[in-house]
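Reader: I would like to learn how to read a helix and its packing. Please take me through one case.

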Amino acid sequence: MPELPELEVMREVLEARVVGRTIREARAYRPGILKTVEPPLDALAGECSRRVTRRGKHLILACRDDLHLVLHLMVAGRLVLTGSANKVTKATGFVISFADGEDLRLVENGTAKLAKVHVVRDPEDVEWVARGGIEPLGCDFAVAHLVRLFAGERRQLKKMITDQALIVGIGTAYADEILFAARLSPIRYANTLEPDEVERLDAAIRSVLGAAVERTRRESGGALVGERRVEGMAVYKRTGEACIECGQPIAEIRFAETRTFYCPQCQSKGKTIADRRAWLRR
Ligand SMILES: [Zn+2]
């Protein structure tokens with residue numbers, strides 16, 4: 001699933017390549033991908049996107065003050081710019097055709113088709129845009145937010161920082177990277193953190209996401225790339241490889257239906273986390 005860094009770079013590419021181009025037609029190819037009925041899809045025809053913003057994992061194309069197209073790519077969604085004359089494949093769920101003969105297509109390979117499209121008057125009409133937590137790279141994100149979020153929270157750190165109602169944009173891959181950079185165990189309870197540990201986590205959130213945005217931007221070369229590369233990741237999908245810090249092997253546990261990668265030496269006082277412990281809730 002694309003996370004904040006990939007989506008932020010997609011936003012930049014869309015801003016550069018889509019803004020100002022007149023929309024000839026918008027069309028949903030997969031039943032169910034369009035989650036709204038009013039305003040109708042036809043309302044986009046003749047409009048052009050004036051700016052592209054991102055809220056958490058949502059990409060928002062603003063056509064008018066009261067007309068927005070909100071995209072959520074979910075697990076496997078990708079955006080592709082291609083000539084309108086090119087065949088629309090089975091994987092294509094949604095298409096914006098520009099008057100100049102190019103399409104912006106939302107494509108989902110595989111069986112899990114979960115991407116969502118909303119046409120709304122106000123982006124806040126989309127539930128998770130309205131309910132989303134703090135933007136971690138926003139200038140108003142501060143240690144004080146984490147202190148407030150963690151106070152009295154007997155929930156494990158990985159669950160906390162991937163909870164979109166608290167902090168937006170961080171998924172399982174960057175959560176592992178952030179917790180490694182902060183030298184904190186993914187199963188630590190949030191309310192047990194010392195002030196210096198909260199500060200480390202705050203710094204890690206900014207540095208890991210910031211560096212990932214730069215890396216993704218460099219690698220994308222101005223194209224709409226949604227794939228995340230494991231190169232440049234310290235622990236994510238590196239089970240058994242030597243930790244870049246201590247040289248010990250990276251370990252993996254199942255955690256809340258996802259895989260979690262960590263360094264036992266750096267993050268867990270040398271101890272391997274037992275899977276069953278990770279399954280305990282609260
Ligand atoms: Zn290590």
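Author: We go from the whole fold to one helix and its neighbour. This is a predicted model, where local features need pLDDT of at least 70, side-chain atom pairs count only at pLDDT 80 or more, and totals for chains, interfaces and linings use all residues. Residues are numbered from 1 along each chain as its sequence is written.

Reader: How many helices and strands does the protein have?

Author: Helices (H or I, at least four residues) and strands (E, at least two) are DSSP runs, numbered from the N terminus. The protein has 8 helices and 10 strands.

Reader: What span should helix H6 have?

Author: The expected span is 1.5 Å times one less than the number of residues. H6 covers residues 195–220, 26 residues, so 38 Å is expected; its end C-alpha atoms lie 37 Å apart, which agrees. Glycine 221 follows H6, with a positive phi near 55°.

Reader: Which residues of H6 are buried?

Author: An α-helix has 3.6 residues a turn, so residues three or four places apart point the same way. Buried means 20 or more other C-beta atoms within 10 Å of the residue's own, with C-beta atoms placed from the backbone. In H6 these are Val198, Leu201, Asp202, Ile205, Val208, Leu209, Ala212 and Thr216. Their cover includes H1 (4–17), H3 (143–150) and H5 (172–181).

Reader: At what angle do H1 and H6 pack?

Author: Axes are lines fitted to C-alpha atoms, for helices over the stretch in contact, and angles run from 0 to 180 degrees between N-to-C directions. H1 and H6 pack at about 50°, with axes 8 Å apart.

Technical notes. Buried ≥ 20, exposed ≤ 12 C-beta atoms within 10 Å, placed from the backbone. Contact = placed C-beta atoms within 7 Å.
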